[in-house]
Amino acid sequence: MAKRTEKKSEDTSTQFQEYTSISLSDAQRKDIIKNMLYAREFDLAMQRLNRQGKAFGGVYSQTGNEAVSVGSAYALGPKDVLFPMHRNIGGHFVMGQTLENLMLTFLAKEGSLMRGTDGTGHYADVSRRIYGNISHLGAMIPVAAGFTLASRLKGEYCAAMTYIGDGGSQTGEFHEALNFASVQKLPLILIIENNQYAYSSPNHVEFACNNLSDRALGYGCYGITIDGTNPELVFDTCKAALEKAEQGLGPSIIETITMRMRGHAEHDDFSYVPKEVLAYWQLKDPVATYSAKLLATHVYTEQELQSVRKNIIEEIRASIDAVIDKPFPAAEEAFKNVFID
Ligand SMILES: Cc1ncc(C[n+]2csc(CCOP(=O)(O)OP(=O)(O)O)c2C)c(N)n1
Ligand SMILES: [Mg+2]
């Protein structure tokens with residue numbers, strides 16, 4: 001067993017990971033950090049490809065959101081479905097999406113799941129139970145609720161997990177879907193990703209309640225607000241919500257508190273975000289703090305974790321090389337699968 005090393009007094013890297021799940025095995029913890037690393041490294045690769053003019057359209061960084069996207073999707077049962085949003089690349093990896101499919105889609109290449117017509121992951125992959133991203137702003141919540149109702153009408157059961165931002169939580173569709181899902185007691189898990197900003201608007205100009213999960217009382221469903229940087233806390237909270245849903249107790253709103261560490265998309269220099277706020281959240285970086293926790297608890301040695309990361313970086317590099325010179329779709333593709341032939 002590796003020797004426990006003395007923690008330096010200025011090392012704050014583990015202090016934010018105090019919550020530990022009692023239901024996760026070490027093998028599952030390894031799986032969680034691996035998916036978080038895929039998410040982080042994919043994100044960094046997209047930022048680079050955007051600067052090189054190769055990933056165009058919106059590149060919405062999810063750096064800082066890995067504990068939410070991975071911890072939540074990891075809690076899903078084998079029949080449950082995922083409706084991810086623009087900062088949930090981690091969930092795609094958890095559901096078994098391949099790097100090749102993601103790279104083809106995000107680089108808008110011919111042969112991708114969106115036939116090259118989209119570069120921000122608005123695809124559905126029924127075989128992997130991924131349905132999304134319909135819109136950034138609330139339109140996905142009623143569809144996810146409807147998906148669970150359709151299964152019920154067919155005499156089947158599946159829960160749906162979907163996501164909305166702090167800004168998107170202020171739309172009419174949020175209210176209509178939550179109200180309907182609560183009345184029907186649908187197995188809907190709504191994760192609110194409160195990353196402090198909706199584009200350049202901070203929380204205090206978006207809503208006046210203390211916590212966005214307080215709204216659950218008004219709908220008659222469950223609501224909780226948690227730290228969104230600890231994947232084990234996110235996992236356990238989602239598992240508990242999924243269990244309630246399966247018992248017929250209806251939807252849950254889980255507000256996860258994180259920080260958007262970059263601009264809304266890569267074109268935005270986010271100069272409106274105070275530097276000291278970013279510095280505070282940098283200390284809570286979910287990938288760094290969870291890595292530190294897994295080292296401190298001897299789930300991984302430093303060398304093992306470094307090699308996991310290195311292999312992921314190499315895999316991502318290879319997937320870029322395999323896809324980058326593929327053609328874009330023919331212009332006619334843009335006219336297919338629209339409302340009128
Ligand atoms: C009807 C409509 N208005 C505006 C936009 C542009 N838009 C997309 S996401 C977004 C802000 C979303 O903020 P939030 O819900 O907090 O999610 P975040 O991007 O912070 O994760 C805006 C203004 C849009 N897509 N649709
Ligand atoms: Mg936001």
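1. A residue is taken as buried when its relative accessible area is under 20%. Arginine 29, at 9% relative accessibility, therefore counts as buried. The model under discussion is a predicted one, and this residue is a suitable place to begin.

2. Arginine 29 takes part in a salt bridge with aspartate 26, the N to O distance being 3.2 Å. Both residues belong to helix α1 (residues 26–51), where they stand three residues apart, about one turn of the helix. Aspartate 26 is partly exposed, its relative accessible area being 40%.

3. A salt bridge also joins the side chains of arginine 29 and glutamate 232, at 2.7 Å from N to O. This pair links distant parts of the chain, since glutamate 232 lies in helix α8 (residues 231–246) and arginine 29 in helix α1, 203 residues apart. Glutamate 232 has 0% relative accessibility and so counts as buried. Asp26, Arg29 and Glu232 are thus linked in a network of salt bridges.

4. Helix α1 is also the location of glutamate 41, whereas arginine 309 is in helix α11 (residues 302–323). The side chains of these two residues meet in a salt bridge of 3.1 Å, N to O, and the pair links parts of the chain that are 268 residues apart. Glutamate 41 is buried, with a relative accessible area of 9%; arginine 309 is partly exposed, at 31%. The count of salt bridges comes to twelve.

5. Which protein atoms are the donors of the magnesium ion (ligand 2)? They are Asp166 (OD), Asn195 (OD1) and Tyr197 (O), at 2.0 to 2.2 Å from the ion. Along the chain, the donors follow the spacing D-x28-N-x1-Y. Aspartate 166, in the loop between β4 (160–165) and α6 (172–183), and tyrosine 197, in strand β6 (residues 197–198), are 31 residues apart and link distant parts of the chain. Aspartate 166 is buried, with a relative accessible area of 1%, and tyrosine 197 is buried as well, at 12%.

6. Lysine 284 is placed in the loop between α9 (275–283) and α10 (286–296). Is this lysine buried or exposed? Its relative accessibility is 7%, so lysine 284 counts as buried. Its side chain forms a polar contact of 3.4 Å with the side chain of aspartate 227. When neighbours within four places in sequence are left aside, lysine 284 is in contact with Phe16, Asp227, Thr229 and Thr289.

Terms used: Residues are numbered from 1 along each chain as its sequence is written. Chains are lettered from A and ligands numbered from 1 in the order in which they are written. This is a predicted model: local features need pLDDT of at least 70, side-chain atom pairs count only at pLDDT 80 or more; totals for chains, interfaces and linings use all residues. Side-chain values use heavy atoms; hydrogens and water are left out. Helices (H or I, at least four residues) and strands (E, at least two) are DSSP runs, numbered from the N terminus. Buried means under 20% relative accessible area, exposed over 50%, partly exposed in between (1.4 Å probe, protein chains only). A polar contact is a pair of N or O atoms within 3.5 Å; within protein, one must be able to donate a hydrogen and the other to accept it, and residues adjacent in sequence count only if both atoms are side-chain atoms. Contact means heavy atoms within 4.5 Å. Donors are N, O and S atoms within 2.8 Å of the metal (3.2 Å for Na, K and Ca); water is not among the atoms, so sites may look incomplete. A salt bridge is a side-chain nitrogen of Lys or Arg within 4 Å of a carboxyl oxygen of Asp or Glu.
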